[in-house]
Amino acid sequence: ILTQYVYELLEKECSLTKAIVPVDAVDEEASSFIFHSADALTNPARLLVLIQGSGVVRAGQWARRLIINQDLDSGTQIPFITRAMQEGYGVLVLNPNENHLEVERPGSATPPPAATPEPADEPAEKRERKDEKEGKKKREFYEKYRNPQRERETEQTPIRENSSPEEHVQYVWDHFVSKAAAKNVFIVAHSYGGLSFVELMKQREGQVKRRVCAVALTDSAHNIWLQDSSKSMQDWMQERCRNWVSSPLPLDAPVDAMLPDCPRFSAALAASRAAAIVAGQSGGGDGV
């Protein structure tokens with residue numbers, strides 16, 4: 001319900017449109033979608049790309065727990081999208097966790113156990129044992145009814161060229177971002193989204209360096225050593241990326257870097273707010 005509600009807000013409140021991926025998906029093929037503003041591919045100046053983390057979150061969400069326990073402004077990307085559009089950015093909202101089409105297997109539902117007719121002359125003790133056995137079957141059935149996930153058997157069909165977050169980010173780059181008219185591309189990536197961005201850069205280093213002006217990471221899960229990034233990538237990230245991390249220090253206070261990739265700064269109590277500088281929320285303009 002929450003996911004569908006956020007999708008509705010993206011379309012109705014933010015005036016975004018769905019775009020199917022893969023772009024050449026045929027009828028009944030497993031597919032997903034992203035959201036984009038009307039000028040995402042035609043805006044000549046600036047394009048903002050939003051990449052969420054991993055898990056249950058879908059397009060337009062940063063953290064489901066924040067949405068439930070705090071508010072939509074804390075847990076969704078809507079404030080980023082709204083401000084970016086006010087500042088003249090085109091916007092692309094990625095959906096990296098929608099990787100498979102899940103379909104319930106035919107005939108997987110278990111019918112309720114039927115009562116077994118008993119002979120009238122059956123001994124009472126035997127009837128009691130049967131009643132106990134039938135009662136156990138019924139309890140198991142109704143327990144499954146209360147918890148459908150325990151009963152359902154599903155099949156997952158991977159979405160072509162989008163079967164993982166890393167594949168999805170690269171696919172959207174190749175089919176949307178690389179074709180956008182914007183002179184300057186800006187990226188906000190949270191948690192695993194940062195790892196996916198580094199993977200994209202490994203595959204499309206020259207393109208990323210030419211097109212991307214600044215990257216705001218929030219608690220990024222990337223690791224330049226484990227991901228085998230080049231020295232030229234590390235140098236570029238030092239200049240063009242910032243990673244806001246959980247820290248008790250005041251917002252934007254420098255935090256010691258663990259790896260020689262990009263500067264780290266304190267997110268204080270509002271991790272996502274700091275990254276919004278790319279969208280102009282803190283007067284960042286065209287740079288970080």
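**Figure 1. The second largest cavity and its lining.** Helix α7 contributes the most to the lining of the second largest cavity, with three residues. The cavity belongs to a predicted model and has a volume of about 30 Å³. Its lining consists of I51, Q52, G53, S54, P96, N97, P165, V169, Y192, G193 and S196. The elements that supply two or more residues to this lining are α6 and α7 (192–203). By residue class, the lining of the second largest cavity comprises five nonpolar, six polar and no charged residues.

**Figure 2. The largest cavity and its lining.** The structure contains two cavities of 30 Å³ or more, and the largest encloses about 60 Å³ of space. V49, I51, L94, V169, V172, W173, V177, I187 and L200 form the lining of the largest cavity. Two or more of these residues come from each of β3 (46–51) and α6 (165–175). Helix α6 provides the largest share, three residues. The lining of the largest cavity divides into nine nonpolar, no polar and no charged residues. I51 and V169 appear in the lining of the largest cavity and also in that of the second largest cavity.

**Figure 3. Strand β7 between its partners β3 and β8.** Strand β7 covers residues 184–190, and six of its seven residues are buried. Strands β3 and β7 run parallel and are joined by six bridges. Within this pairing, I51 has A189 of β7 as its bridge partner; I51 is also among the residues that line the largest cavity. Strand β8 (residues 212–218) pairs with β7 in the parallel sense, over six bridges. F186 stands opposite A214 of β8. I187, for its part, belongs to the lining of the largest cavity.

**Figure 4. The open sheet of nine strands.** The strands follow the order β1-β2-β4-β3-β7-β8-β9-β11-β10, and the pairing in this open sheet is mixed. Strands β1 (17–21) and β10 (254–255) occupy the edges; each has a single partner strand, so one side of each lacks a neighbour in the sheet. The strands of a sheet pair through backbone hydrogen bonds, in either a parallel or an antiparallel sense. In the order of the sheet, β7 is placed between β3 and β8. The protein as a whole has ten helices and eleven strands.

**Figure 5. The edge of the sheet at β10.** Strand β10 and strand β11 (residues 264–266) run antiparallel and are joined by two bridges. P254 has F265 of β11 as its bridge partner. Strand β10 has a single partner strand, so one of its sides is left without a neighbour in the sheet.

**Figure 6. The stretch of residues 270–288 and the confidence of the model.** The mean pLDDT of the protein is 85, and 77% of its residues reach 70 or more. Over residues 270–288, by contrast, the pLDDT is below 50; this stretch has 53 contacts in the model beyond near neighbours in sequence. Where pLDDT is low, predicted coordinates should not be read in detail. For the protein as a whole, 42% of the 288 residues count as buried. Among contacts between residues at least 6 apart in sequence, 73% join residues at least 24 apart.

Note on methods: Residues numbered from 1 in each chain as written. Predicted model: local features only at pLDDT ≥ 70, side-chain atom pairs only at ≥ 80, totals over all residues. Heavy atoms only, no water. pLDDT = per-residue confidence, 0-100. Contact = heavy atoms within 4.5 Å. 1 Å grid on protein atoms, 1.4 Å probe; cavity = no way out; pocket = protein on both sides within 12 Å on 5 of 7 lines; lining within 4 Å. Points joined across faces, edges and corners; volume = space filled by probe spheres on them. Helix = DSSP H or I, 4+ residues; strand = E, 2+ residues; numbered from the N terminus. Nonpolar A, V, L, I, M, F, W, Y, C, P; charged D, E, K, R; others polar. Buried < 20%, exposed > 50% of the residue type's maximum accessible area, 1.4 Å probe, protein only. Pairing = 2+ DSSP bridges.
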